[in-house]
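Thanks for making time this morning; I would like to walk you through a structure that is new to most of us, chain by chain. Please have the view open while I talk.

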Amino acid sequence: MNDSPMNGQLKKKLDSVFRDIETDVSDDGRLTIHATKESVLTVLSLLKDEGWSFLQLVSCVDWIKQDEIEIVYVLSSYVGVEDGPDAKGEPYAKGEPDAKRESILLKTRLPRSEPSVLTAIHVFANAEPYEREIHELFGVHFEGHPRLTPLFLDREYKIPPFRKDFDTEQYVKDVFDSVPPIDEES
Amino acid sequence: MSLELLMVVALGGSLLTYVLGRVSSRLRNGFAVLVSLALVAMVASLYGKALHVSYYEDFLGMSLVLRVSGLSWLFAMTASTLGCLSVVFSLSYMKGKERTSFYYSMLLLVNAAMLGVVLSGDLLSLFIFWEIMSWSTFLLISYNGGPALAAGMKYFVMSFVGSLAMLAGLLTVYGSFGTLEFGGVAAGMLSASPGYILAIFVLFGVAFGTKNAIWPFHAWLPPAHSEAPSPFSAILSGILIKMGVYGFLLIIFVLVGLRNFMALGADGLPLHTVLSIVGAITILFPTFMAIMQNDAKKLLAWSTVAQAGYIILGISFGTSLSVAGGVFHFVNHAVFKALLFMVVGTVEYRTKGVRDLDSLGGLIKKMPLTFAVALIGVCGLIGVPLTNGFVSKWLIYKTLILERSPFLALVALFGTWGTILYSYKFLHNIFLGQLPEKYKDLERAPMTMRLPMTVLSIVVVLFGVLPGIPLSVINSIDTSFGLKPLNVTLWGLASDTGALNTINILAAVFAGLLIVWLVLKSGGRKVSVDQADNYAAGAAIPKDKYQYSVGFYAPLTRMVAPYLKDFMDSFYMRLAGWVGGLGSGIRRIYTGYVGDYAMYIVLFLAALIFVQLTWSPW
Amino acid sequence: MDRNQLTKWFKAPTKMAHKYSLHAVYFCTGCGVIEIPPTITARWDAERFGVIPAATPRHANLFLITGYVSVKTLRAVIRTYEQMPEPKFTVGFGSCPINGGMYWDSYNTINQLDKYIPIDGWIAGCMPRPEAIFVAVTHLWTLIDKDMADGYKRYRKHYAQYRANQEQVLGELEWPPLFQSEREG
Amino acid sequence: MRILWLVLSPLIALAVGLFFLGLSRRVMARIHWRYGPPLYQPLIEIFRYFTQKGSSHGVLFGLGIVLSLAGSIVVILFLPFGGICSMSGSGGMLVVLYMMLLAPLGIALSGGEAANPNASIGISRKLMLALGYELPFLLIVLAIMTHYDTISLVDIVSAQRETASAFASFPLVLSGIAYLLILPAMLGMRPFEVVHAPQEISSGPIAEYSGPYLGLVTIQHALTTFIGISLFVNLVWGGAGNPFVFFLKMLVVLAFGLFVNAAFPRLRVEQAVRYLWRWPTLIAFVGLILVVTLGR
């Protein structure tokens, strides 16, 4: 576990500022932060100030056994955020464009029954389509989102299609296989 | 059938319609149609006669004379037929509008004044009827109120300047020759010095130029035409503008005589080339302006200015072929331009006043006859073979090429392609494309509108296929001007330097149409398809949003618009603004206190005494 | 390839004309579309058999449905098929139009294209190669010769069923039925 | 004899035009390293179009196409084809100039009736492009007419055959060059193909044509190519004694057009009109001035 100073420094700062988060560094040196529903926006804005100013994407995982839905924010930065060796081992100064930039994962767990969280648009404006997609396909409600209208799907689904308890084979049987083939004789 | 009776019927008819309007509108409509029909019959019966009668003896020691010649008969005939057709057209156009009896009487008054101008034998009666015409035109242009008032005022100021110029010319002629009759003036002119003739020509040229809306004086025409009620703008654009042409023909051929007109102007730059250059500019610049317009009547107004350029180009060359081309083009333009304005009037009537080219479309499905008539009118405007426009333009082009002035021919021919662009935009944006939802249940044009349009379209095709009929009349005008007559056959012109034979063209086109139609019929089954069943890359057709007519020639507009600033119009506007400023400056003198006025008198007297003491001029 | 046998031209001119000028609709659904450009350009040159891409369905008589048909694309496929002029032929390209292919259990991909529009020929394979298109074209020739490429006749004959299936999957369609059921039999 | 020729010349024009279309497709294929269709492929396509069902958008839809094709046929009657011209005596070059506007007008009317924005955009581009190449074209035609001081095409052709074709006689060589520069625009070849662009506006005005209408459009395209090339050969290259030499000259002109077609990308309308109003117009204008000044 190459505890690169960049993650270490940030890890210490986050632990000191926030009570209700745990941070751990995966074996390939990527920092993962688990935050609660309430503190996730403050962590996001702090990371943004720290230099992680690019929200790559917002994703979602359906933990059906723990009866929870997890929202994952993947952040990265355009410029080197801390001093330290870059990919080729030469030292890089803070602010260097081609510095090694790991992406940071910020995860938060929501109850599966009625998952809802504050929208991240005020911090990262480009989160809007991702949140809209998650709302449509996972049924997560984002308070404060300007338009949670349908993005891809053109019809109503009782259970949002990407959830694990959505039985696709059954749906295909009901909707597509129920269509009768054309019988030529009549 | 004396001329006085004709004038009495014309003028009396217009006054009587106003009175009858008080009694009942139906009676007035019938009477108006009756009067105009009677006028047409009376003028038709004058064909070939050379009457000369003075209807008022000693008006300031002169006798006012009415006369009819070949030229004035043609103008009178066109004016009366167009007047009658537009009265019939406005029967249903004016239904439900207020002040209709005023409108009808003014319409007939304009008609009568035009006949007066054309039939007058001396300059004074010409001037009198000219003023009546200008006045009634101003009242009719500003009939709709609002922007029409401004357009009417602009028209009135410019034609007022023109009338002043004519009055000045009239006085100088009376001063030097003592008589105003055409014969006397023409005799006087023979011995006049070229400078004097040039001055007279310029004065009358300004008067007739403003009325004919040639390039420098065209500023009033587009707003006036688009604001006037459609039946009247049909007359205004068709025949009233051409009174300027009649004036030019009068000066060049009757008063000044062709020889010294050709000799006029500095040796390097003869006047007739200046006139033809002005004509060429009048073709090119308004054609591109017309391409830019998206108001149907403004587009047609600019097209009128452009077509007037063709006529001036024809007249200014002074050979028998060119004058025939110019006069024939005047008749054709009167016919198809009135037709096109009536088409816009019909569309306006049915769509409750909409004439913006960006919000119409697909009306061919609801008004097929109006489209057919508009197509014939547009073909005449462009000059497609087998229509009347083609023959007159063919004459003009032939003179331009054979007189070895290819650059003017270039402008004229290039103007034709410009005409195609804006007339196709006119047809496409109104009749073709997707029919908007709100016009789904539009009915066809009413009978009283369809009749005049069909008559005019028949004339367009008739003069195109058998040009011999009008050309023989024009030949008699050529001979009356002392030019060599053309050897006219019924279907064109037989001449060594390239003949025109419309019957061959007709036979060829008809055979071609027949063959191709048979080939099409032999093909597979034809299924008629609704406008919603259209190719849109698999998507269904959105209602009201699948029409391309806004910014129809956007790339061309982007290229040409910066060079098209109408600097003559802005010059007039600046001039008007300057005069307004001067006027308000002077108004400050009238402060309204009697004391100030008393002071002015005392000061003035003091100044007089002072002048007397120092220089003692008395 | 009996294009230059004159006797055939005199015996059945319509069939020969359709065989040797198959204009394919330029309609790209699913993943198979990447196979079309090499087919019509230098490497395989479909033009020597008279097969060229047509700009609009109005000009075309061959409809190549290349790849999976999602529910939304089905709407466009039906619309394009109905806009093509009569004798028209359709070829399903790849395994997805046949039975849904690897998207058999997807919630937004239809399984059997055959239920919605008539198909004259199939090309199996998960994105078949351009040679497979030529095999399909030659098969289509034999079908046309034997009058078996009668997809458009079947569509007209059983239009009611086709329309019902379309409406069952797509819900309300924005365009009116192509054939009024009582008029066309 | 004249009646026979009246019937025969449109058929010959059609045959030559279709041969040119087939040839151009084969030559383009060869340039792309492909085999390309047989030479009689356009014939097959026309035959197929006529056997297909045509969807019509109203009376004017068919009438427009019939009008434009009839216009092209009549123009062919006026054009001398190697020493033979059937309608030389009824109007000359001015009628040809005017009849040539019937074809685009006919297609424009029926394209507009098809109520499809692709068609309307194609038509407005066609008319703007036509305005573009009309200016130099008129300069050229007027220079030639003033030089030979006649408005009849047959006199121009015979005059050019005695003295020398336009490329040889001094003032007209500029007009010849200018005509060569605008020829791809008049034939609708690649640099100026924006009107029927299949990708952008799905083949422009003819987007909604199917079945027999499309057959007529293909015939119209063949005839327009024939007219464009034969007008060039007649006006500037001095026509020919017998039809065969005339055909060879047309082949050379077609080859020039095809190589330009293969080498250039498709210009936008603005670029095309800006080009047409710059170099060809300048050359033709200088040509006209020379003709007028020398002619005096």
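Before I say which chains meet, one term: two residues are in contact if their C-beta atoms, placed from the backbone, lie within 7 Å. What we have on the screen is a predicted model, in which local features need pLDDT of at least 70 and side-chain atom pairs count only at pLDDT 80 or more, while totals for chains, interfaces and linings use all residues. Residues are numbered from 1 along each chain as its sequence is written, and chains are lettered from A and ligands numbered from 1 in the order in which they are written.

Let me begin with the chains as a set. Of the four pairs of chains in contact, chains B and D are the pair that shares the most contacts. Chain A does not touch chain B, and the nearest C-alpha atoms of the two are 15 Å apart; chain A does not touch chain D either, with nearest C-alpha atoms 24 Å apart. Chain C does meet chain B, through nine residues of chain C and six residues of chain B. On the chain C side of that meeting there are three nonpolar, three polar and three charged residues, where Ala, Val, Leu, Ile, Met, Phe, Trp, Tyr, Cys and Pro count as nonpolar, Asp, Glu, Lys and Arg as charged, and the others, Gly among them, as polar.

Now to chain B itself. It is divided into domain 1 (1–251), domain 2 (265–463) and domain 3 (589–618), with bounds that come from an automatic or database domain assignment. The centres of domain 1 and domain 2 of chain B, taken over C-alpha atoms, are separated by 23 Å, and 33 residues of domain 1 are in contact with 37 residues of domain 2. On the domain 1 side of this boundary, helix 3 (70–93) of chain B gives the most, with ten residues; helices here, like strands, are DSSP runs numbered from the N terminus (H or I and at least four residues for a helix, E and at least two for a strand). That same side of domain 1 divides into 21 nonpolar residues, eleven polar and one charged.

What lies inside? I will call a residue buried if 20 or more other C-beta atoms lie within 10 Å of its own, exposed if 12 or fewer, and partly exposed in between, with C-beta atoms placed from the backbone. A nonpolar core is then a set of buried Ala, Val, Leu, Ile, Met, Phe, Trp, Tyr and Cys residues joined through C-beta atoms within 7 Å. The largest nonpolar core has 353 residues, of which Met114(B), Leu339(B) and Ala412(B) touch the most other members. Helix 6 (residues 117–148) of chain D gives the most to this core, with 19 residues, and the core also draws at least three residues from each of domain 1 and domain 2 of chain B. Leaving aside its neighbours within four places in sequence, Leu339(B) is in contact with Val373(B), Gly377(B), Met453(B), Leu456(B), Ser457(B) and Val460(B).

Staying with chain D, helix 2 (residues 41–51) is mostly covered, as nine of its eleven residues are buried, among them Ile44(D), Arg48(D) and Phe50(D). The cover over those buried residues includes helix 2 (13–19) of chain C, together with helix 1 (2–31) and helix 9 (212–237) of chain D.

In chain C, strand 4 (residues 89–93) has five of its five residues buried, with Phe89(C), Val91(C) and Phe93(C) on one side and Thr90(C) and Gly92(C) on the other. Strand 4 of chain C pairs in the parallel sense with strand 3 (residues 62–66) of chain C over five bridges, where pairing requires that DSSP finds at least two bridges between the strands. Strand 4 of chain C also pairs with strand 5 (residues 121–123) of chain C, again in the parallel sense, over three bridges.

Finally, chain A. Along strand 4 (residues 68–76) of chain A, Ile69(A), Ile71(A), Tyr73(A) and Leu75(A) point to one face and are buried, while Glu68(A), Glu70(A), Val72(A), Val74(A) and Ser76(A) point to the other and are not. Strand 3 (residues 54–63) of chain A pairs with strand 4 of chain A in the antiparallel sense over nine bridges, and Cys60(A) has Ile71(A) as its bridge partner.
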